[in-house]
Amino acid sequence: MILSDGTIRALLAQGALSISPLEEEQIQPASVDIRLGNTYSMIEDSCRGIVHLDREIAYTTIETDSYLLLPGQFVLATTMEYFKLPDDLTAFVEGRSSIGRLGLFIQNAGWVDPGFEGEITLELFNASRCAIELNAGRRVGQLVFARMDRRAQAPYAGKYQGQRGATGSRIFRDGELQGGSAQ
């Protein structure tokens, strides 16, 4: 079930859900607007031009209130807000239509697990032929909350728990077998 503005306000007042900082105007009829933070990360260029999923990936991270995203450029950004979700609530990250219509694609895995705590890292891609100026504090998306049928038996406690800033991929920590089936 998608949560309404009234239910979101009640959970915030009870302390069951935490979003900080949060302004009243961010609460929409069935979502909460998320704003762009001031941290951006880019994968560092390697001389080989190959990203290996089983190795730690190097990122260049900067803090700035204004960032110019060039055509065809991909960058990680962060939300201004820090979230704490209870064990029976999940959320979907959605980009704003008004932003998408300019050619700015905003995506993350699209899903926030119950029990997650931290800022949300957003993947931004400029599909436009023009550069797009990004500014900290700008509403770029929304979080749509859904109540689960019961509390998660194993709430999120993964490799991104407590993250702050534009956090790069930690896929190398997955420990999956490389190159084939288990022996």
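## Salt bridges, strands and a surface patch

The side chains of aspartate 88 and arginine 147 make a polar contact of 3.2 Å. This is a predicted model, so read every distance here as a property of that prediction. Aspartate 88 sits in the loop between strand 6 (74-84) and strand 7 (89-95). Is aspartate 88 buried or exposed? With 13% relative accessibility, aspartate 88 counts as buried, because the cut-off for that label is under 20%. Leaving out residues up to four places away in sequence, aspartate 88 touches Pro114, Ala146, Arg147, Met148, Arg150 and Arg151.

Another aspartate worth a look is aspartate 33, which belongs to strand 3. Aspartate 33 is buried, with a relative accessible area of 3%. Its side chain has a polar contact of 3.2 Å with the side chain of glutamine 28, and another, of 2.9 Å, with the side chain of arginine 139. Setting aside residues up to four places away in sequence, aspartate 33 touches Glu25, Gln26, Gln28, Glu81, Arg139, Gly141 and Gln142.

On to the salt bridges. Side chains of opposite charge can pair when their charged atoms come close. How many salt bridges does the count come to? The count comes to nine. Here are some of them, with the N to O distance for each pair.

| Acidic residue | Basic residue | N to O distance |
|---|---|---|
| Glutamate 24 | Arginine 9 | 2.5 Å |
| Aspartate 33 | Arginine 139 | 2.9 Å |
| Glutamate 119 | Arginine 164 | 3.8 Å |

Take the salt bridge between glutamate 24 and arginine 9, at 2.5 Å from N to O. This pair links distant parts of the chain, 15 residues apart: glutamate 24 is in the loop between strand 1 (18-20) and strand 2 (27-28), and arginine 9 is in helix 1 (residues 5-14). Glutamate 24 counts as partly exposed at 45% relative accessibility, and arginine 9 counts as partly exposed at 33%.

Aspartate 33 turns up again here, in a salt bridge with arginine 139 whose closest N and O atoms are 2.9 Å apart. Aspartate 33 in strand 3 and arginine 139 in strand 12 are 106 residues apart, so to speak of a link between distant parts of the chain is fair. The burial of the two partners is as follows: aspartate 33 counts as buried at 3% relative accessibility, while arginine 139 counts as partly exposed at 35%.

Then there is glutamate 119, which forms a salt bridge with arginine 164, the closest N and O atoms being 3.8 Å apart. Glutamate 119 lies in strand 10 (residues 117-126) and arginine 164 in the segment after strand 12, so this pair ties together parts that are 45 residues apart in sequence. Glutamate 119 counts as buried at 12% relative accessibility, whereas arginine 164 counts as exposed at 58%. As for bridges with partners in common, Asp5, Arg9 and Glu24 are joined into one network by salt bridges that share partners.

Now for the strands. Which way do strand 5 (residues 66-69) and strand 11 run relative to each other? They run antiparallel, and four bridges join them. Within this pairing, tyrosine 67 has leucine 134 as its bridge partner in strand 11. Strand 11 (residues 132-135) also has alternating side chains. Ile132 and Leu134 point to one face and are buried, while Glu133 and Asn135 point to the other face and are not buried. Leucine 134, the bridge partner of tyrosine 67, is therefore on the buried face, given that a residue is called buried under 20% relative accessible area.

At the surface, Ile43, Val51 and Leu53 make a nonpolar patch of about 260 Å². Valine 51 is found in the loop between strand 3 (31-43) and strand 4 (59-63). Valine 51 is partly exposed, with a relative accessible area of 45%.

Finally, aspartate 149. Its place is in the segment after strand 12 (139-147), and at 75% relative accessibility aspartate 149 counts as exposed, because the cut-off for that label is over 50%. How far apart are aspartate 149 and phenylalanine 74, in sequence and in space? They are 75 residues apart in sequence and 37 Å apart in space, C-alpha to C-alpha.

Technical notes:
Residues numbered from 1 in each chain as written. Predicted model: local features only at pLDDT ≥ 70, side-chain atom pairs only at ≥ 80, totals over all residues. Heavy atoms only, no water. Buried < 20%, exposed > 50% of the residue type's maximum accessible area, 1.4 Å probe, protein only. Helix = DSSP H or I, 4+ residues; strand = E, 2+ residues; numbered from the N terminus. Pairing = 2+ DSSP bridges. Patch = residues over 30% accessible without salt bridge, like charges linked within 9 Å, V, L, I, M, F, W, Y side chains within 5 Å. Areas by Shrake-Rupley, 256 points an atom, 1.4 Å probe, with all protein chains shown as cover. Salt bridge = Lys/Arg side-chain N within 4 Å of Asp/Glu carboxyl O. Polar contact = N/O pair within 3.5 Å; in protein donor to acceptor, adjacent residues only side chain to side chain. Contact = heavy atoms within 4.5 Å.
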